[in-house]
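Got the viewer open? Load the model and keep the selection box handy.

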Amino acid sequence: MIVTLTANPSLDRTIVVDAPLRPGEVQPAHPGREDAGGKGINVARVIFGAGVAVRAVLPLADDDPFDSALGATGIDAVRVPIAGRARANLTITDPEGITTKLNLPGATLSVSEADAVIAAVVEASRGARWLVLAGSLPPGAGDDFYVRVIEAVRRALGDDAPRIAVDTSGAALSAVVDRARPDLIKPNDEELADLTGHAASPDTLVAGVADAARRLVGSAKIGAALITLGGEGAVLVTAEGEWFGRPPRIDVVSTVGAGDSSLAGYLLADHAGAVPAEKLRSSILYGAAAAALPGTQAPRPTDLPRGDVVVTALP
């Protein structure tokens, strides 16, 4: 089983416009989608759609409208009661696939609510193979919230603790890498540059991100890194080697949730016992499938593009 934590869930609303967004003007738009979102929820939906056992933990008030959208996903969810409401995020997409997002901060967690979330994650993680900590942190949680989750899970479960993947950014990611040694991180190239202080040149993007990730893996700060590069593909760096893959050609509809689907694709391949190159291939296929779907839809295996993903080992 795979467990996900979404500390800052969001009701994702998507609107489609017929022409590029024109700030300050009135434009017609089409009714879009409304999905239960937040990075951990997105990962869980993809895993559930592939038929693999998954459990999603999140803070959620009993009367929150978000619960209706969450229930429609069918995923097994552990709801930790809080006083606040889940945020609503707005995504606007145009015919070229250009995406504009407006993200709200989310409900503030009290100290007792944050502690209750951590306790729920520990219980949900018993017997799990992976624990995914994904997304931004809500107000009140503190930049070290994911560190505290990891420490609590490993302290309570010992050798039976699941491997831990982290997909976040900024101070939260820095805290995890500095203090908690996650088994996997999944930044994009900009988030990796922010973490390491070294931005890769566009002309040497693949080599640059591979070198930055190699330094983190080599110093034992992380177990592995999956770095998504949007339409350029992705790089996987582990202690055993480094690989790069390019995605097949697709018509981009919405990039929202593509990175989350990439992480889910990696975990699904790992669950199937795949070798690193195949994990990267699966990651790229699922990310591409998500980008070809409207809104924050979770791609299923039948949605994967038919084009091949060429994966090569890096020197």
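Here is a short tour, from the whole chain down to the cores.

A word on ground rules: this is a predicted model, where local features need pLDDT of at least 70, side-chain atom pairs count only at pLDDT 80 or more, and totals for chains, interfaces and linings use all residues. Residues are numbered from 1 along each chain as its sequence is written, and side-chain values use heavy atoms, leaving out hydrogens and water.

Start with a cartoon of everything. You should find 9 helices and 15 strands, taken as DSSP runs (helices H or I, at least four residues; strands E, at least two) and numbered from the N terminus. The radius of gyration is 19 Å, close to the 20 Å from the globule rule for 315 residues, so the protein is as compact as a globular protein of that length. Both are C-alpha quantities, with the rule being 2.2 Å times the number of residues to the power 0.38. Along the principal axes, the C-alpha atoms fill a box of roughly 50 × 45 × 35 Å.

Now colour by burial: 52% of the 315 residues are buried (under 20% relative accessible area, 1.4 Å probe, protein chains only).

Next, select L5, L133, F145 and V149. These have the most contacts inside the largest nonpolar core, which has 53 residues (buried Ala, Val, Leu, Ile, Met, Phe, Trp, Tyr and Cys joined through side-chain atoms within 4.5 Å). Helix 4, residues 145-157, gives the most to this core, with 8 residues.

Zoom in on L5. Leaving out residues up to four places away in sequence, L5 touches G40, V57, V117 and V121, among others (contact means heavy atoms within 4.5 Å).

Last stop: select V52, A69, L70 and L184, which are included in a second, separate core of 39 residues.

Conventions. Buried < 20%, exposed > 50% of the residue type's maximum accessible area, 1.4 Å probe, protein only.
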